[in-house]
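I am opening this notebook to record what I look up, one entry at a time, beginning with a sheet and ending with the backbone.

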Amino acid sequence: MDSLRQGDDMNPDDKSKLTFVGGLFVLLAVFPMFSGQYGIDLVGKIMVFAIVALSLELLVGGTGLVCFGQAAFLGIGAYAAVKLSPEADPASLLWLLPTAVLAAALYALFVGALSLRTKGVYFIMVTLAFAQMAYFVVHDTPLGGGTDGIYLAMKPVLGDVLDLDRPTAMYGFTLGCLVAVFAFLAVLQRSRFGRALAGIRVNEQRMKATGFSTYPYKLAAFTISGAIAGLAGFLFAVKDGFVNPEIMSWHLSGALLVMIILGGLGHLRGALIGAFAYVLLQEFFKSEAIWGPFARHWHLGLGLTIIAAVALLPRGLVGLPGELRSRLSGALSGRTTPTEA
Amino acid sequence: MDAHDKHRSEGEILLRGVEMTRRWGGLVAVDKVSIELRRGSVHAVIGTNGAGKSTLINMLSGEFPPSSGSVELLGSDVTAWPQARRARAGLGRSYQRNTIYPGFTVFENCRLAAQATAQRPWRFWERADRCEVNTAAARQAASRAGLDGVLDRQAGLLSHGQKRQLEVAMCLATGPQVLLLDEPLAGMGAEETERMLQLLGVLRAGHAILLVEHDMDAVFRIADTITVMVNGCKIASGDPECIRNSPEVRTAYLGEGH
């Protein structure tokens with residue numbers, strides 16, 4: 001009976017996770033009061049990356065599907081937001097946001113339906129191919145406005161309540177979306193659907209033999225992930241006020257994978273931490289104030305740091321406290337053993 | 001006619017494979033093998049490595065379709081059904097290698113298996129471990145397989161014998177009528193083997209069981225019917241006494257020394 005009731009009172013591990021994530025969200029909520037425009041802009045960007053990273057974590061860490069084309073869904077959400085906004089009046093958030101999300105979800109449904117028939121490396125390559133297809137639809141074509149991209153004339157509003165043209169409103173709305181996505185995925189993870197995805201990640205064959213038709217499960221996960229990425233794309237476009245083809249490039253798909261690996265696969269927190277770590281490291285190595293002319297070669301510093309981080313922390317930044325604790329206790333016990341003996 | 005009457009008294013046929021053949025390119029792994037599994041009996045399939053036993057199980061469970069022949073489950077032709085659908089219709093199988101989820105607890109392994117009978121994936125707001133239907137089935141299956149004491153242990157940390165028990169428990173958690181067990185005794189010690197045989201003895205009552213096993217003592221003790229396969233062909237089938245005395249089986253499988 002004990003393990004059945006286990007869920008009623010939280011175990012200490014869950015509690016510390018909740019404290020961490022709750023604390024992070026509170027910090028993000030009060031951050032604009034202490035920060036200038038640059039900080040608000042940067043953290044806003046990080047939060048949008050965190051939302052896409054979370055969507056990818058659902059696939060990679062949650063289901064075991066390594067998708068190398070997440071940027072496509074992000075880009076479709078962004079392009080839908082810009083293309084569908086009327087020129088003269090601000091669009092209402094109520095229809096523009098769902099439409100952008102739906103557009104990304106539909107493309108994900110299409111890509112997923114075909115690519116999920118393959119496995120492993122082939123799946124990675126097929127998702128990349130579909131993302132490149134989407135990229136070349138907007139790259140140097142009239143539809144995408146060429147390499148320069150297209151501008152969003154009027155940012156969407158929600159009646160008189162919310163005007164996303166105001167930076168703090170945009171920041172608050174992004175944070176709200178991030179919290180909602182995180183909460184949704186956390187609930188999903190514990191549900192029967194989430195547990196089935198976890199089973200598919202560990203051993204899909206066994207899941208089939210048990211009676212789960214795994215293909216619809218994977219397709220549902222893929223579509224949900226695409227929809228969330230579309231939401232992030234919408235936020236990107238509205239925040240920056242323009243969109244260019246780079247948002248769909250495979251570099252970004254790769255960077256998103258690096259984020260969740262850096263943060264720690266298999267944990268939603270990992271996607272949050274990874275997005276912060278990646279963007280902040282990028283800012284750090286790009287800073288001319290610190291690196292002078294060498295800042296041009298920021299890829300080098302970022303790459304070396306990530307290699308070092310992955311080599312030293314195989315479970316990602318999420319595993320850092322545990323790693324430190326075991327090192328520390330190892331060092332302590334190493335010192336105390338001789339005196340005890 | 002006599003044989004027919006005798007079989008009828010033994011229990012209804014739950015799973016039937018008819019003239020199943022599986023070719024891999026030029027190789028015929030299983031050649032026109034027919035098999036019947038009845039409720040209340042253990043049907044053992046024995047044969048040397050490469051005789052086609054696992055291929056037979058895979059065709060029955062639907063891992064891949066037979067090249068020719070058909071499979072009937074509970075009276076319906078399921079030859080074209082994918083594996084998951086057959087499993088939901090009452091066909092449970094265990095694997096020769098452990099296919100438990102090593103990172104999950106013993107309870108969660110069983111619960112996830114039990115979930116297959118009440119999947120309801122759209123109810124995403126409900127916590128999986130709060131669904132009483134699944135948790136009760138999981139608990140019962142673990143208990144039948146003798147895993148009561150280790151429900152909260154991580155499955156990867158179990159002893160080898162306990163992992164084999166868990167493999168069977170996960171199979172039971174879905175409430176199947178037919179059990180296809182691929183070498184459940186592999187690598188088990190004497191005591192663990194004894195426990196597993198007792199479990200199979202209990203399970204026999206409500207299930208039709210197919211047992212692929214190398215442990216001959218165990219097979220001859222527990223099986224009601226034994227089918228002997230050599231190079232993909234069925235060379236004999238009958239009760240243990242008749243198999244023990246069959247000259248073909250002796251030369252082909254048990255060795256000339258017998």
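In what order do the six strands of the open sheet in chain B stand? I keep in mind that this is a predicted model, and I read the order as S6-S7-S8-S3-S9-S10, with mixed pairing. I then looked at the edges, where strand S6 (91–94) and strand S10 (233–238) of chain B each have a single partner strand, so one side of each is left without a neighbour in the sheet. Neighbouring strands of this sheet are turned by 15° against each other on average, with direction ignored.

Next I looked up one pair within the sheet. Strand S3 (residues 41–47) of chain B and strand S8 (residues 208–212) of chain B run parallel and are joined by five bridges. Following Ala44(B) across, I found Leu211(B) as its bridge partner in S8(B).

I also asked what lies across these strands, and noted helix H2 (residues 53–61) of chain B, which lies across S3, S6, strand S7 (178–182), S8 and strand S9 (225–230) of chain B. Helix H2 of chain B runs at about 150° to S7(B).

Turning to chain A, I counted 14 helices and four strands. Its radius of gyration is 21 Å, which agrees with the value near 20 Å that a compact globule of 341 residues would have. The C-alpha atoms of chain A fill a box of roughly 80 × 55 × 40 Å along the principal axes, and buried residues make up 44% of the 341 residues in this chain. Among its contacts between residues at least 6 apart in sequence, 76% join residues at least 24 apart.

For the contact between the chains, I noted 30 residues from chain B and 22 residues from chain A. On the side of chain B that touches chain A, the elements giving two or more residues are helix H3 (83–88) and helix H4 (106–115) of chain B. The residues of that side divide into 13 nonpolar, eight polar and nine charged.

My last entry concerns the backbone, where most residues other than glycine have a negative phi. Glu19(B), in strand S1 (residues 13–24) of chain B, has a positive phi of about 45° although it is not a glycine. I find Glu19(B) exposed, because 12 other C-beta atoms lie within 10 Å and the cut-off for exposed is 12 or fewer. Lys32(B), in strand S2 (residues 27–38) of chain B, likewise is not a glycine and has a positive phi of about 45°. With 15 C-beta neighbours inside 10 Å, Lys32(B) counts as partly exposed.

Definitions and conventions
Residues are numbered from 1 along each chain as its sequence is written. Chains are lettered from A and ligands numbered from 1 in the order in which they are written. This is a predicted model: local features need pLDDT of at least 70, side-chain atom pairs count only at pLDDT 80 or more; totals for chains, interfaces and linings use all residues. The radius of gyration is taken over C-alpha atoms; the globule rule is 2.2 Å times the number of residues to the power 0.38. A residue is buried if 20 or more other C-beta atoms lie within 10 Å of its own, exposed if 12 or fewer, and partly exposed in between; C-beta atoms are placed from the backbone. Two residues are in contact if their C-beta atoms, placed from the backbone, lie within 7 Å. Two strands pair if DSSP finds at least two bridges between them. Axes are lines fitted to C-alpha atoms, for helices over the stretch in contact, and angles run from 0 to 180 degrees between N-to-C directions. Ala, Val, Leu, Ile, Met, Phe, Trp, Tyr, Cys and Pro count as nonpolar, Asp, Glu, Lys and Arg as charged, and the others, Gly among them, as polar.
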